[in-house]
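Hello,

Here is the structure I promised to pass on to you. Have a look at it first, and then read my notes below.

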Amino acid sequence: YAIWVQCVNVNILSNCIIQRSADIIYPYGIYGNTINIGNGNALIANNIIDIQTPNAQAGIHLLNFRAEIFHNTIRVVGELGRGIYLGTGSLRRVKNNIIVTQGKSAYPIYLNNPFSINNDDIDANNLVGSSYVGYSSGARKTIIDWQKVITTDSHSVNIIPHCISKDNLILKDSIRLSVKSLKQIPKDKIGKKRDSITSMGAYH
């Protein structure tokens, strides 16, 4: 676990988490359990998470929480990888993230509890996987299939991002990865002001 939080109110902002050692089995980038219950929302934003091991587990893994997950850049390489894994949450907001997974049984977003219009607001993410774009009440192979179940999502895409290099996840360009900025995230990971139209992921 690069970051483990439990039974706290917390924001997790602008970290760079890189895990490429095959000696670490089932690594997690950010793991949270029982966070911000009944007291505001955890803000998890502008993080770079790059996990590449044979059995990669999750970039972000949350259980029993209220959280807003905005503008993260996540790559998880491994057969069982989950870009973002969400268990029971009274608020699950996931927007403007770039999430790439590589592995036949990997998922960019995995909702262990089915989508709920009352608790969930998921939209405008770039979901790229070897086989699936997400899981909610079953595996979803395409964005269209995903959006049939995730009814808040009308802007997500499935586009392989053009990054500076295989080890540098800053975008070369944001063509087709532009989104409306969120008031909660006025700046990017390095402090650059986000315009009204900004890029998905951690960098403007």
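What follows is a short tour of what turned up. Please keep in mind that this is a predicted model.

**The parallel sheet**

Let me start with the open sheet. Five strands make it up, paired in parallel and ordered β3-β6-β8-β11-β14. The edge positions belong to β3 (16–19) and β14 (126–128); each has a single partner strand, so one side of each lacks a neighbour in the sheet. From one strand to the next, the twist averages 5 degrees.

Going across from the β3 edge, β3 and β6 are joined in the parallel sense by four bridges, and glutamine 19 sits opposite isoleucine 51 of β6. Then comes the pairing of β6 (residues 48–52) with β8 (residues 73–77), parallel again and over five bridges. Here aspartate 50 has arginine 75 of β8 as its bridge partner. Five bridges also hold β8 and β11 together in parallel, with valine 77 facing glutamine 102 of β11. At the far end, β11 and β14 run parallel and share three bridges; isoleucine 98 is matched with asparagine 126 in β14.

Two of these strands deserve a second look. In β11, four of the five residues are buried, so the rest of the structure largely encloses this strand. As for β3, a general point helps: side chains in a regular strand alternate between the two faces of the sheet. That pattern can be followed along β3, where Ile17 and Gln19 point to one face and are buried, while Cys16 and Ile18 point to the other and are not.

**The nonpolar cores**

Which residues touch the most other members of the largest nonpolar core? They are Ile60, Leu62 and Ile69, in a core of 32 residues. Strand β7 (residues 58–70) supplies the largest share of this core, with five residues. If you centre your view on isoleucine 69 and ignore neighbours within four places in sequence, you will find contacts with Ile44, Ile60, Leu62, Ile84, Leu86, Arg93, Val94, Lys95 and Asn97. There is also a second, separate core of 10 residues, with Ala124, Ile159, Leu171 and Val179 among them.

**Two buried polar residues**

Asparagine 97 is worth a stop of its own. This residue is in the loop between β10 (89–95) and β11 (98–102), and its relative accessibility of 0% means that asparagine 97 counts as buried. A polar atom of its side chain is 2.8 Å from the backbone nitrogen of asparagine 72. Not counting residues up to four places away in sequence, asparagine 97 touches Ile69, Phe70, His71, Asn72, Ala124, Asn125, Asn126, Met200 and Gly201.

One of those contacts, His71, is my next stop. Histidine 71 belongs to the loop between β7 and β8. Is histidine 71 buried or exposed? Histidine 71 is buried, at a relative accessible area of 0%. A polar atom of its side chain is 3.3 Å from the backbone oxygen of serine 199.

**Around β1 to β3**

Valine 8 is part of strand β1 (residues 3–8) and counts as partly exposed, at 34% relative accessibility. Although 27 residues separate valine 8 from isoleucine 35 in sequence, their C-alpha atoms are 5.1 Å apart in space. Beyond four places in sequence, the contacts of valine 8 are Thr34, Ile35 and Asn36.

Most residues other than glycine have a negative phi, and two residues here are worth checking against that. Cysteine 7, also in strand β1, has a positive phi near 55 degrees and counts as exposed at 58% relative accessibility. Serine 14, in the loop between β2 (11–13) and β3, has a positive phi of about 60 degrees; serine 14 is partly exposed, with a relative accessible area of 31%.

**Cysteines**

How many disulfides does a search of the whole structure find? The search finds zero. Cysteine 16 is in no disulfide, and the nearest cysteine sulfur, belonging to cysteine 163, is 13 Å away. Cysteine 163 is likewise in no disulfide, with the sulfur of cysteine 16 as its nearest.

Enjoy exploring it, and write back whenever you like.

Best wishes

How values were computed:
Residues are numbered from 1 along each chain as its sequence is written. This is a predicted model: local features need pLDDT of at least 70, side-chain atom pairs count only at pLDDT 80 or more; totals for chains, interfaces and linings use all residues. Side-chain values use heavy atoms; hydrogens and water are left out. Two strands pair if DSSP finds at least two bridges between them. Axes are lines fitted to C-alpha atoms, for helices over the stretch in contact, and angles run from 0 to 180 degrees between N-to-C directions. A nonpolar core is a set of buried Ala, Val, Leu, Ile, Met, Phe, Trp, Tyr and Cys residues joined through side-chain atoms within 4.5 Å. Buried means under 20% relative accessible area, exposed over 50%, partly exposed in between (1.4 Å probe, protein chains only). Contact means heavy atoms within 4.5 Å. A polar contact is a pair of N or O atoms within 3.5 Å; within protein, one must be able to donate a hydrogen and the other to accept it, and residues adjacent in sequence count only if both atoms are side-chain atoms. A disulfide is a pair of cysteine sulfur atoms within 2.5 Å.
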